[in-house]
Amino acid sequence: MDTVEGPRPKAAEGELVVEMKACGLCGTDIEKIRGEYTAAMPVLGHEAAGVVAEVGKGAADFRVGDRVFPHHHVSCGSCRLCTSGSETMCPDYRRSNLNPGGFSEYFRVPADNVKRGGVLRLPAHVGFEHAAMIEPVACCIRAIRRTRVKSGDTVLVVGAGPVGLMHAILLSKAGAKTVVSDVAPRRLEFAKPFAGTVLDASAEDVPGAMAKLTGGVGADSVVVASGSPKALVQALKSVRKGGTVCLFGIPFEGSRLDYDLSDVYNREVSLVPSYGATEAETTEALALMASGKADFLPLITHRFGLADFAKGLDAAERGAAMKVVITP
Ligand SMILES: [Zn+2]
Ligand SMILES: [Zn+2]
């Protein structure tokens with residue numbers, strides 16, 4: 001799998017052309033490359049930050065040289081889904097995308113993304129690598145909001161990958177007691193500074209451990225930062241009566257949940273999926289980074305130039321890397 005090479009794109013009316021400075025490699029990029037992605041048309045690289053290289057006619061808010069985070073998806077803002085708070089379900093949301101994607105030297109930002117506030121200007125002290133994490137952090141912010149986490153809650157995050165740890169950082173900031181579980185020793189070791197408690201799911205009974213940590217009650221909420229149906233079952237078993245399980249990781253197409261539905265009913269468990277992020281959340285993610293109150297940079301373990309994209313993919317797939325960032 002290669003990154004996109006070709007002639008530098010031109011900005012049509014209302015569009016921007018951005019010179020990529022950093023673009024995060026997301027688990028969904030790997031799934032898109034391996035053909036397992038279930039959510040939308042594959043465009044590679046959606047965690048990008050860079051410098052405006054060309055401004056299309058009418059995109060008057062921007063100048064060549066502006067440092068920006070361009071969100072790859074924007075909703076229309078006026079349909080029934082948008083006005084009822086399901087903005088990321090808007091038909092326009094998945095239609096808009098960076099072209100040819102963030103893993104290229106230059107890419108176009110569609111006019112709608114520019115017009116509807118999808119492009120954020122970066123304060124001088126927010127670096128491109130941090131800005132490349134605005135999108136995934138924004139997705140986590142939306143998920144935590146949908147899960148209605150409150151200060152003092154005990155929250156289990158299943159999956160200690162980069163987004164699992166972004167959740168842990170945000171949850172701790174929100175005043176929650178965080179527990180992170182995974183089966184990979186390297187990830188568990190890496191997770192320690194970011195979580196109150198780390199559970200090795202290959203050796204420990206996670207639901208039992210959660211009960212013990214909460215006086216027999218169970219976790220107030222569980223964020224499933226993994227696409228595995230087994231992780232979801234573990235979450236359902238770990239959450240307390242009346243608690244919420246947030247489905248954050250994308251399940252593989254055709255995944256089936258093997259779980260007794262009467263238990264979900266009798267224990268009044270809410271299952272809340274969270275897909276993507278809106279401009280409200282990307283703005284919040286950037287503000288959080290700019291304030292210095294949350295630092296996601298320690299999650300970046302590997303950096304590769306575009307020419308070594310395949311090496312970055314390999315490091316992420318083998319589990320050797322936490323967050324991988326691609327640079328020009
Ligand atoms: Zn992503
Ligand atoms: Zn809409």
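Buried, on this tour, means under 20% relative accessible area. Keep that cut-off handy, and remember that the model in your viewer is a predicted one.

**Stop 1: helix α9**

Select residues 206–213, which make up helix α9. Which of its residues are buried? Val206, Pro207, Ala209 and Met210 are. Turn the view until you look down the helix: these residues cover an arc of only 160° around the axis, so they sit on the same side of α9. Now show what covers them. The covering elements include the strands β6 (154–158), β7 (177–182), β8 (197–200) and β9 (219–224), along with helix α10 (229–238). Before you leave, click on Gly215, which follows α9 and has a positive phi, near 60°.

**Stop 2: the two domains**

Zoom out and colour by domain. The domain assignment gives domain 1 as 16–133 + 296–327 and domain 2 as 146–273. How far apart are their centres, taken over C-alpha atoms? They are separated by 27 Å. Where the domains meet, 15 residues of domain 1 are in contact with 15 residues of domain 2.

**Stop 3: the zinc ion called ligand 1**

Select ligand 1, a zinc ion, and show its protein donors: Cys26 through SG and His46 through NE2, at 2.1 to 2.3 Å. The two come from distant parts of the chain, 20 residues apart. Cys26 is in the loop between β1 and α1, while His46 is in the loop between α1 and β2. Buried or exposed? Both Cys26 and His46 are buried.

**Stop 4: the zinc ion called ligand 2**

Next, pick ligand 2, also a zinc ion. Its protein donors are the SG atoms of Cys76, Cys79, Cys82 and Cys90, lying 2.3 to 2.4 Å away. Along the chain, these donors follow the spacing C-x2-C-x2-C-x7-C. What arrangement do the four donor atoms make? The angles they subtend run from 105 to 115°, so the arrangement is tetrahedral. For comparison, the ideal angle for four tetrahedral donors is 109.5 degrees. Try a surface view here too: Cys79 counts as partly exposed because its relative accessibility is 22%, whereas Cys82, at 7%, counts as buried.

**Stop 5: three strands side by side**

Switch to a cartoon and highlight β2 (residues 47–55), β3 (residues 67–70) and β5 (residues 119–121). Strands β2 and β3 run antiparallel and are joined by two bridges. To see where they face each other, label Val51 and Arg67, which stand opposite one another. On to β3 and β5: they also pair in the antiparallel sense, over three bridges. Here the labels to add are Val68 and, opposite it in β5, Arg121.

**Stop 6: helix α13**

Select residues 309–317 for helix α13, and find Leu313 within it. Leu313 has a relative accessible area of 5%, so it is buried. The buried residues of α13 are Phe309, Gly312, Leu313, Ala315 and Ala316. Down the axis of α13, they fall within an arc of 165°, so they line one face of the helix. Their cover includes β1 (16–25), α1 (27–33), β12 (300–305) and β13 (323–327). Try a distance from Leu313 to Val324: the C-alpha atoms are 8.2 Å apart, with these positions 11 residues apart in sequence numbering. Just past the helix, stop at Gly319, where phi is positive, near 80°.

**Stop 7: some backbone oddities**

Most residues other than glycine have a negative phi, and most peptide bonds are trans. With that in mind, go to Asn99 and Pro100, where the peptide bond is cis, with omega near 5°. Pro100 is in the loop between α3 (91–95) and β4 (106–109).

Then find Arg148, in the loop between α6 (134–147) and β6. Its phi is positive, near 55°, and Arg148 counts as exposed because its relative accessible area is 68%. Glu268, in the loop between α11 and β11 (270–273), has a positive phi too, near 45°. With a relative accessible area of 60%, Glu268 is exposed.

**Last stop: Asp258**

Finish in the loop between β10 (239–247) and α11 (261–266), where you'll find Asp258. At 70% relative accessibility, Asp258 counts as exposed. Draw one more distance, from Asp258 to Val119: 41 Å from C-alpha to C-alpha, across 139 residues of sequence.

How values were computed: Residues are numbered from 1 along each chain as its sequence is written. Chains are lettered from A and ligands numbered from 1 in the order in which they are written. This is a predicted model: local features need pLDDT of at least 70, side-chain atom pairs count only at pLDDT 80 or more; totals for chains, interfaces and linings use all residues. Side-chain values use heavy atoms; hydrogens and water are left out. Two strands pair if DSSP finds at least two bridges between them. Helices (H or I, at least four residues) and strands (E, at least two) are DSSP runs, numbered from the N terminus. Buried means under 20% relative accessible area, exposed over 50%, partly exposed in between (1.4 Å probe, protein chains only). The arc is that of the directions from the helix axis to the C-beta atoms. Contact means heavy atoms within 4.5 Å. Donors are N, O and S atoms within 2.8 Å of the metal (3.2 Å for Na, K and Ca); water is not among the atoms, so sites may look incomplete. Four donors count as tetrahedral if all angles lie between 85 and 135 degrees; four count as square planar and six as octahedral if opposite donors are over 155 degrees apart and all others between 65 and 115; anything else is irregular. Domain bounds come from an automatic or database domain assignment.
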